[in-house]
Amino acid sequence: MSDKCNLIKDLLPLYVENMVSMDTREFVSEHLEHCEECHAEFGRMQKAVIFIPDADPDTDILPLKRVKRDLFIKRLQTICFTVILACAIVTIIFGILTSPKFFPYSDNLLNVMDGPDGSVIITFDSEVTGYSCNEVSDNETETEIYSINAWTTAWDLYSSNRGKQNMVIPFKREDKIQIFYAQNDGSEDVLIYGLNDDTQENGETLPRLILMPYFLLALTALVILAVLRVILRKKKGIIVWIDRAIPFPVSYMAAQLCTKGINFTTYSLQRDFCMIILTAMLLYFAMLTGKSLYKAKLNASRGQT
């Protein structure tokens, strides 16, 4: 094999791809017309470029479909994560703004009068935007005991004008009745209507402390799940479920801190607990979605490296 043939074979890959100048192309073409060995090599290179293996069209586009599906799932997860997180933030803000601020008793806070039909009418001051009333029957003294309270919220102060709040308590005149105002600030309840036949002092409405046990229960569950994860780290199937369960106690504690802070006492248990559970569920789904997005991003970065 001559040096010229070696030179031609070095140029053949560029010649086949049409990546040579006109002078070089003419030089190579002229040589191929007279050299059977180089012409045969040129033929093999052409077949390698032109040859397209038979394949199923669906198989060819399968990787593209998979990439398109993964991108769609990632985009959907990102949207869900953003929406859920935004809903959680809105819920927390709404919970804080609608948290009741109870009024202590004062002479100007409310006015109690007898109605023409035998009922008792209570008119609250204009600053009051909400109230509640609980009824308890004392069978020993045959007395109907009512406990009322009044509150306002930051939301009501700046977003609505409800006017004066009025409350009507119907009862039969032959029955005894006592109406107490619960101040919900650690002070004793104030008798605002009826006679106090009890020689003892007025009672006191105590706050509910149930939020603390729930918080401790969530903390205990978190510790137990963390220990189980360490012990059972080699069992992949169980670890998957533990990883799905761990965010829930975390989300509950985060919801408690976001909506109530470190204050575990409440005078409106049903409202506060429902707000904490709703926020906890939103944070839980946000954590799961965010974790899935993080894993996808981590796998993508590993694939690039």
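In helix α6 of this predicted model, Leu211, Phe215, Ala218 and Leu225 are all buried. They sit on the same side of α6, because the arc they cover around the axis is only 90°. Flip to the other side of α6 and the picture changes: Leu217 and Ile231 are exposed there. The pattern fits a simple rule of helix geometry: an α-helix has 3.6 residues a turn, so residues three or four places apart point the same way. As for its dimensions, α6 takes in residues 211-231, 21 residues in total. From first C-alpha to last, α6 reaches 30 Å, close to the 30 Å expected at 1.5 Å a residue.

Helix α6 also takes part in a set of charged contacts. Side chains of opposite charge can pair when their charged atoms come close. The structure holds 6 salt bridges, and one of them pairs Arg229 with Asp243, with 2.5 Å between the closest N and O atoms. Since Arg229 belongs to helix α6 and Asp243 to helix α7 (residues 236-245), this pair ties together parts that are 14 residues apart in sequence. The two partners differ in cover: Arg229 is partly exposed, at 34% relative accessibility, whereas Asp243 is buried, at 15%, which puts Asp243 under the 20% cut-off for burial.

Asp243 has a further partner. A salt bridge joins Asp243 to Lys291, this time with the closest N and O atoms 4.0 Å apart. Here the link runs between distant parts of the chain, from Asp243 in helix α7 to Lys291 in helix α9 (residues 269-304), a separation of 48 residues. Lys291 is partly exposed, with a relative accessible area of 30%. Put together, Arg229, Asp243 and Lys291 are linked in a network of salt bridges. Another salt bridge brings together Arg271 and Asp272, whose closest N and O atoms are 2.7 Å apart. In this pair, Arg271 is partly exposed at 24% relative accessibility, while Asp272 is buried at 3%.

Zooming out to the whole chain, there are 9 helices and 8 strands. Of the 305 residues, 29% are buried. The accessible surface of the chain comes to about 20,400 Å², and carbon and sulfur atoms account for 61% of that. As for how the chain meets itself, take the contacts between residues at least 6 apart in sequence: 62% of these join residues at least 24 apart.

The loops offer a closer look at such contacts. Gln165 is found in the loop between α5 (154-159) and β6 (166-169), and Gln165 is buried, with a relative accessible area of 13%. Setting aside residues up to four places away in sequence, Gln165 touches Ile122, Thr123, Phe124, Val128, Thr129, Gly130 and Tyr131. One of these, Val128, is found in the loop between β3 (120-124) and β4 (130-138). Val128 is buried too, with just 1% relative accessibility. Val128 can also be placed relative to Asn166: their C-alpha atoms are 10.0 Å apart in space, with their positions 38 residues apart in sequence.

Towards the start of the chain, Leu11 has its place in helix α1 (residues 3-16). Leaving out neighbours within four places in sequence, Leu11 is in contact with Thr24 and Val28. The C-alpha atoms of Leu11 and Val28 are separated by 7.9 Å, though the two residues are 17 apart along the chain.

Finally, the surface carries a nonpolar patch. Leu85, Ile89, Ile93, Phe94, Leu97 and Trp155 make up this patch, with about 500 Å² of accessible area together. Helix α4 (residues 57-97) supplies the largest share of the patch, 5 residues. Leu97 is a patch member that lies in helix α4, and Leu97 is partly exposed, with a relative accessible area of 30%.

Notes:
Residues numbered from 1 in each chain as written. Predicted model: local features only at pLDDT ≥ 70, side-chain atom pairs only at ≥ 80, totals over all residues. Heavy atoms only, no water. Helix = DSSP H or I, 4+ residues; strand = E, 2+ residues; numbered from the N terminus. Buried < 20%, exposed > 50% of the residue type's maximum accessible area, 1.4 Å probe, protein only. Contact = heavy atoms within 4.5 Å. Areas by Shrake-Rupley, 256 points an atom, 1.4 Å probe, with all protein chains shown as cover. Expected span 1.5 Å × (residues − 1). Arc of directions from axis to C-beta. Patch = residues over 30% accessible without salt bridge, like charges linked within 9 Å, V, L, I, M, F, W, Y side chains within 5 Å. Salt bridge = Lys/Arg side-chain N within 4 Å of Asp/Glu carboxyl O.
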